[in-house]
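Visitor: I'm new to this, so please show me how you decide what to call things in a protein model.

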Amino acid sequence: MFTNPLYLQFRERVYNIIENESYQTSLSRFFDRFLIVLILLNVSAVIAESVDAWYFPNQALFTAFENFSLVIFSVEYLMRLWAIVERDKDADPTLSHWRRRWNWIRSPGAIIDFVSIAPAFLNYFVTVDLRFLRVLRLFRLLKLTRYFAAMRILLIVLHKEKESFKAVVFILLIMIVTAASGIYVVENQAQPEVFESIPKSMWWAVVTLTTVGYGDVIPVTTVGKFLGAVITILGVGLAALPAGILASGLASELEQRRDQLEQRFRELLLEDESMNLIKDRFKIDQTRRELGLSKDQAEEVILQLLREKEYEHKMAELDKKNYCPHCGEHL
């Protein structure tokens with residue numbers, strides 16, 4: 001393990017630039033924006049490669065750009081792997097560097113980074129031109145979750161509500177099996193080639209429960225049509241469950257984050273006694289941006305603090321009037 005101070009300082013600086021969200025400098029912002037543009041260009045290149053009239057005349061250009069992107073994304077992955085030991089290093093000093101790196105490798109962000117470059121490396125070892133390997137590079141689009149708060153919040157909500165989504169999926173599977181079995185029983189004799197078995201009937205059950213209804217497979221008997229109507233109505237309610245869970249989770253998460261940020265903002269304003277809530281607009285705006293508060297939210301907190309200070313001042317003045325200015329006795 002290296003203990004050279006310059007080496008440690010360099011690693012900490014690399015970590016701050018590429019991984020530490022609270023560290024904002026011109027270099028770190030340039031690094032983030034460069035990767036965002038590169039990711040978007042990669043997705044555009046994958047889409048353009050699907051057009052033969054564009055791909056074959058410019059195949060060398062597409063290949064050179066892919067090799068350049070592969071080098072950049074590989075170096076980025078290795079840099080994150082190397083510098084990640086700086087994250088929360090004081091929280092648990094007993095944790096070894098390689099253990100910290102292994103924990104990071106298993107994280108969702110690291111898995112996305114690895115999947116985004118793995119297909120390109122696989123292309124070097126597979127002699128057959130597998131077009132789907134190039135399409136897998138679209139996973140690089142998921143790397144944008146690191147740079148956009150809205151996408152990170154969505155992933156957090158999905159993680160928090162995973163038990164609810166598991167319940168919905170379980171209910172959906174039960175409904176699919178039940179609907180497929182029911183339609184098979186009532187439609188098998190009328191349409192033996194369409195509803196030949198319960199597994200084949202599951203296609204109809206899926207498109208009916210999800211209210212897609214392609215119309216390629218439809219019941220023809222009276223009982224079958226009635227069953228289809230009931231299943232469609234149930235499908236409408238079932239399809240609304242995941243949307244309701246996601247909407248409720250997003251609203252709860254956003255409200256919780258807003259309260260936490262506002263509380264932190266209030267604490268910072270109150271801790272810095274030298275800060276003037278009216279004059280020090282630059283410093284307040286800088287604090288607001290570091291915490292991710294909108295201008296409206298910051299203004300609301302500042303107005304509330306000004307009201308509280310004005311109220312405290314009035315109470316202090318009123319309290320002074322209740323005492324004799326000569327003897328100090330309460331009137």
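Guide: Let's start where two helices touch: Tyr77, Arg80, Leu81 and Trp82 in H4 meet Arg101, Trp104 and Ile105 in H5. A contact here means heavy atoms within 4.5 Å, and a helix is a DSSP run of H or I with at least four residues, numbered from the N terminus (strands are E runs of at least two). One warning: this is a predicted model, so local features need pLDDT of at least 70 and side-chain atom pairs count only at pLDDT 80 or more, while totals for chains, interfaces and linings use all residues. Residues are numbered from 1 along each chain as its sequence is written, and side-chain values use heavy atoms, with hydrogens and water left out.

Visitor: What classes of residue make up the contact of H4 with H5?

Guide: Five nonpolar, two charged and no polar residues. Nonpolar covers Ala, Val, Leu, Ile, Met, Phe, Trp, Tyr, Cys and Pro; charged covers Asp, Glu, Lys and Arg; the others, Gly among them, are polar.

Visitor: At roughly what angle do the axes of H4 and H5 cross?

Guide: The axes of H4 (residues 59-83) and H5 (residues 97-105) cross at roughly 135 degrees and come within 8 Å. That makes H4 oblique to H5. The cut-offs are under 35 degrees for roughly parallel, over 145 for roughly antiparallel and 65 to 115 for roughly perpendicular, with the rest called oblique. Each axis is a line fitted to C-alpha atoms over the stretch in contact, and angles run from 0 to 180 degrees between N-to-C directions.

Visitor: How do you know whether the span of H1 agrees with the expected one?

Guide: You set one against the other: at 1.5 Å a residue, the 14 residues of H1 (residues 5-18) should span 20 Å, and the end C-alpha atoms are 20 Å apart, so the two agree. The expected span is 1.5 Å times one less than the number of residues. H2 also agrees, because its 24 residues should span 34 Å and its end C-alpha atoms are 34 Å apart. H10 (residues 198-209) has twelve residues and reaches 15 Å, close to the 16 Å expected. After H10 comes Thr211, whose phi is positive, near 60 degrees.

Visitor: Which residues of H1 are buried, and what covers them?

Guide: Arg11, Val14, Tyr15, Asn16, Ile17 and Ile18 are the buried ones. Their cover includes H2 (26-49), H4 and H5. Buried means under 20% relative accessible area, exposed means over 50%, and partly exposed is in between (1.4 Å probe, protein chains only). H2 has buried residues too, including Phe31, Leu35 and Val46. In H10, Trp204 and Leu209 are among the buried residues.

Visitor: Why is Arg33 called buried, partly exposed or exposed?

Guide: Arg33 has 55% relative accessibility, so it counts as exposed. Arg33 sits in H2, and its C-alpha is 8.8 Å from that of Tyr147, 114 residues away along the chain.

Visitor: What makes Val169, Arg281 and Ser294 buried, exposed or something in between?

Guide: Take them one by one. Val169, in H9 (residues 162-187), has a relative accessible area of 46%, so it is partly exposed. From Val169 to Leu238 is 9.9 Å, C-alpha to C-alpha, with their positions 69 residues apart in sequence. Arg281 in H12 is at 35%, so it is partly exposed. Leaving out residues up to four places away in sequence, Arg281 touches Glu299 and Ile302. Ser294, in the loop between H12 (281-291) and H13 (295-321), has 34% and is therefore partly exposed. The C-alpha atoms of Ser294 and Arg258, 36 residues apart along the chain, are separated by 9.6 Å.

Visitor: How many helices and strands does the protein have, and what share of its residues count as buried?

Guide: There are 13 helices and zero strands. Of the 331 residues, 30% count as buried. Among contacts with a separation of 6 or more, 62% come from residues 24 or more positions apart. The protein exposes about 21400 Å², with carbon and sulfur atoms supplying 65% of it; such areas come from the Shrake-Rupley method with a 1.4 Å probe, and for residues only the protein chains shown count as cover.
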